[in-house]
Protein chains: 2
Amino acid sequence: MQTAIDTRQRIIDAAKTRFHSRSYADVGVKEICDSAVVQKGSFYHFFPSKRDLAIAVIEEFADDWATGFIAEAFDPKLPPMERFDYLIDAAYFWQKAARDIQGHLPGCLFGNLALEVSTQDDILRAKLNAVFIMAKKRIMETLDEAVAEGSIEPLDSDNSAEAMLAYLEGLILLAKTQNNPDVLYRLGKAIKSIRIETP
Amino acid sequence: MQTAIDTRQRIIDAAKTRFHSRSYADVGVKEICDSAVVQKGSFYHFFPSKRDLAIAVIEEFADDWATGFIAEAFDPKLPPMERFDYLIDAAYFWQKAARDIQGHLPGCLFGNLALEVSTQDDILRAKLNAVFIMAKKRIMETLDEAVAEGSIEPLDSDNSAEAMLAYLEGLILLAKTQNNPDVLYRLGKAIKSIRIETP
DNA sequence: AACCGACTTGACCGACCGGTCATATTGTTT
DNA sequence: AAACAATATGACCGGTCGGTCAAGTCGGTT
């Protein structure tokens with residue numbers, strides 16, 4: 001049966017966009033099934049629960065992210081500190097494009113889910129945290145490269161990377177609250193001024 | 001009937017803690033009523049809809065916030081830049097205390113709600129945005145004071161204040177995702193290094 | 001004492017929620 | 001061609017959702 005893997009994928013795709021542009025709680029299993037043209041029974045053949053679908057969505061989206069604009073922004077051919085400009089740029093255009101299509105700025109799927117489910121589901125929270133750790137690592141490596149290259153003073157790259165990630169998530173949060181991607185454009189550049197000094 | 005205002009207040013109180021520690025969608029009207037020892041009918045006597053309750057909760061919590069730890073942290077007797085240390089401290093202890101009691105770090109009610117409802121309810125989003133604008137103003141005034149006092153170089157205080165707010169919200173987001181208030185402690189100090197240069 | 005408006009009661013509504021299940025229908029293996 | 005597991009179907013479950021409503025019960029005013 002060739003459609004099997006496809007069915008599972010259609011469910012994930014339908015859920016991915018909906019979870020991202022609305023919220024986990026607001027999107028029901030029935031709606032996902034209808035949109036993916038799949039029966040309820042088939043849904044529960046592939047996913048033991050809605051929660052397990054969320055896990056699959058997070059995993060896939062993290063992969064999209066890592067191999068998508070994160071990979072582009074963190075292009076090793078670019079000077080390390082310049083990559084952060086690309087990161088902000090990518091976030092800006094992504095959010096802007098989504099808002100122009102949907103009318104509402106969706107924000108970061110991981111940030112959205114993290115604030116929605118963290119207090120209620122430790123496994124989902126851990127999954128989300130793992131995604132952030134991955135992103136932090138990417139930033140940290142870039143910082144280390146910049147230090148090695150001499151373009152910035154030595155710093156606590158681990159904590160600095162986490163702080164920069166926090167800043168990015170905070171910017172996206174404000175942008176979503178204002179429904180305006182310009183926040184990223186106006187404030188994005190300051191990400192490079194965030195430093196945690198080496199202990 | 002003296003209990004009237006009290007009933008309304010009990011509803012708001014019950015909702016406030018629940019919305020904060022869980023989410024808007026996850027807390028039902030019935031649960032709020034049960035907890036406040038109020039009948040459904042009474043609830044809908046005071047609030048036309050669950051949404052209107054959310055508005056009341058946001059307004060009241062914003063007031064708690066402004067007159068509570070925000071007011072304490074932004075003590076005019078303190079040197080301006082020192083106030084940010086107090087702000088971070090206050091956030092840290094608040095989150096830590098809540099986590100120690102509830103087992104889960106609740107994060108910022110406004111940030112939580114903003115990411116949950118912004119794409120679905122423009123009025124709620126605007127309310128939340130107004131709270132952030134108020135907070136930003138507070139930070140901006142402090143920055144202006146610091147500049148006037150000569151303790152920091154002149155900067156774009158409006159955008160810098162917004163950037164600092166974004167950073168704070170981002171820190172709380174990561175802290176919630178890790179269920180660990182130490183994030184604020186580790187990374188909080190960098191809030192003072194965030195600058196947007198004057199245009 | 002009659003009345004009024006603010007508040008309370010609790011049963012009730014249809015819609016929807018996440019999830020289950022027995023029963024097909026497939027493609028693959030033997 | 002028989003057998004088997006993977007997948008699909010769609011009716012069905014109890015429970016909960018936000019919200020409504022008619023019928024009260026009060027205190028205060030006239």
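**Loops, helices and the shared face of a two-chain model**

In chain B, the loop between α2 (29-36) and α3 (40-46) holds B:Val37. The model is predicted, and this residue makes a convenient place to start reading it. Although B:Val37 is not a glycine, its phi is positive, at about 55°. B:Val37 counts as exposed, because 11 C-beta neighbours lie inside 10 Å and the limit for an exposed residue is 12 or fewer. The counterpart in the other chain tells a matching story. A:Val37 lies in the loop between α2 (29-36) and α3 (40-46) of chain A, and A:Val37 also has a positive phi of about 55° without being a glycine. With 11 other C-beta atoms within 10 Å, A:Val37 is exposed.

The relation between the chains comes next. A turn of 180° with a shift of 0.0 Å along the axis lays chain A on chain B with an RMSD of 0.0 Å. This is the relation of a two-fold axis. The same surface serves both copies, as 100% of the contact residues of chain A recur in chain B.

Chain A contains 10 helices and 0 strands, so that its elements, read from the N terminus, run α-α-α-α-α-α-α-α-α-α. The C-alpha trace of chain A spans about 60 × 35 × 30 Å along its principal axes. For 199 residues, a compact globule would have a radius of gyration near 16 Å, and the 18 Å of chain A agrees with this. Of the 199 residues in chain A, 45% are buried. Contacts that link distant parts of the sequence are well represented: among contacts in chain A between residues at least 6 apart in sequence, 66% join residues at least 24 apart.

Helix α8 of chain A deserves a closer look. Its 28 residues (residues 122-149) should span 40 Å at 1.5 Å a residue, and the end C-alpha atoms are indeed 40 Å apart, which agrees. Buried residues of α8(A) include A:Leu128, A:Val131, A:Phe132, A:Ile139 and A:Leu143, and also A:Arg125, A:Lys127 and A:Lys136. The cover over the buried residues of α8(A) includes α4 (50-67), α6 (80-102), α7 (109-117) and α9 (157-178) of chain A, together with α9 (157-178) of chain B. After α8(A) comes A:Gly150, with a positive phi near 90°.

The helix in chain B can be described in the same terms. For α8 (residues 122-149) of chain B, the span expected of 28 residues at 1.5 Å each is 40 Å, and the end C-alpha atoms are 40 Å apart, which agrees. Among the buried residues of α8(B) are B:Asn129, B:Ala135, B:Thr142 and B:Ala146. What covers the buried residues of α8(B) includes α9 of chain A as well as α4 (50-67), α6 (80-102), α7 (109-117) and α9 of chain B. B:Gly150 follows α8(B) and has a positive phi, near 90°.

Between the chains, 42 residues of chain A are in contact with 42 residues of chain B. On the side of chain A that touches chain B, the elements giving two or more residues are α7, α8, α9 and α10 (182-187) of chain A. The largest share of this side, 14 residues, comes from α9(A). By class, the side of chain A that touches chain B has 17 nonpolar, 16 polar and 9 charged residues.

Nonpolar packing also involves residues from both chains. In soluble globular proteins, nonpolar side chains tend to be buried together. Here the largest nonpolar core has 117 residues, of which A:Tyr167, A:Leu171, B:Tyr167 and B:Leu171 touch the most other members. Leaving out residues up to four places away in sequence, A:Leu171 touches A:Val183, A:Leu184, A:Leu187, A:Gly188 and B:Ala166.

One further residue with partners in both chains is A:Asn179, found in the loop between α9 and α10 of chain A. Not counting neighbours within four places in sequence, A:Asn179 is in contact with A:Arg99, A:His104 and A:Leu105, and across the chains with B:Ser118 and B:Arg125. A:Asn179 counts as partly exposed, because it has 19 C-beta neighbours inside 10 Å, whereas a buried residue needs 20 or more. A:Lys127 is 52 residues away from A:Asn179 along the chain, and their C-alpha atoms are separated by 27 Å.

How values were computed
Residues numbered from 1 in each chain as written. Chains lettered and ligands numbered in written order. Predicted model: local features only at pLDDT ≥ 70, side-chain atom pairs only at ≥ 80, totals over all residues. Least-squares fit on C-alpha atoms with pLDDT ≥ 70 in both. Contact = placed C-beta atoms within 7 Å. Helix = DSSP H or I, 4+ residues; strand = E, 2+ residues; numbered from the N terminus. Rg over C-alpha atoms; globule rule 2.2 N^0.38 Å. Expected span 1.5 Å × (residues − 1). Nonpolar A, V, L, I, M, F, W, Y, C, P; charged D, E, K, R; others polar. Core = buried A, V, L, I, M, F, W, Y, C linked by C-beta atoms within 7 Å.
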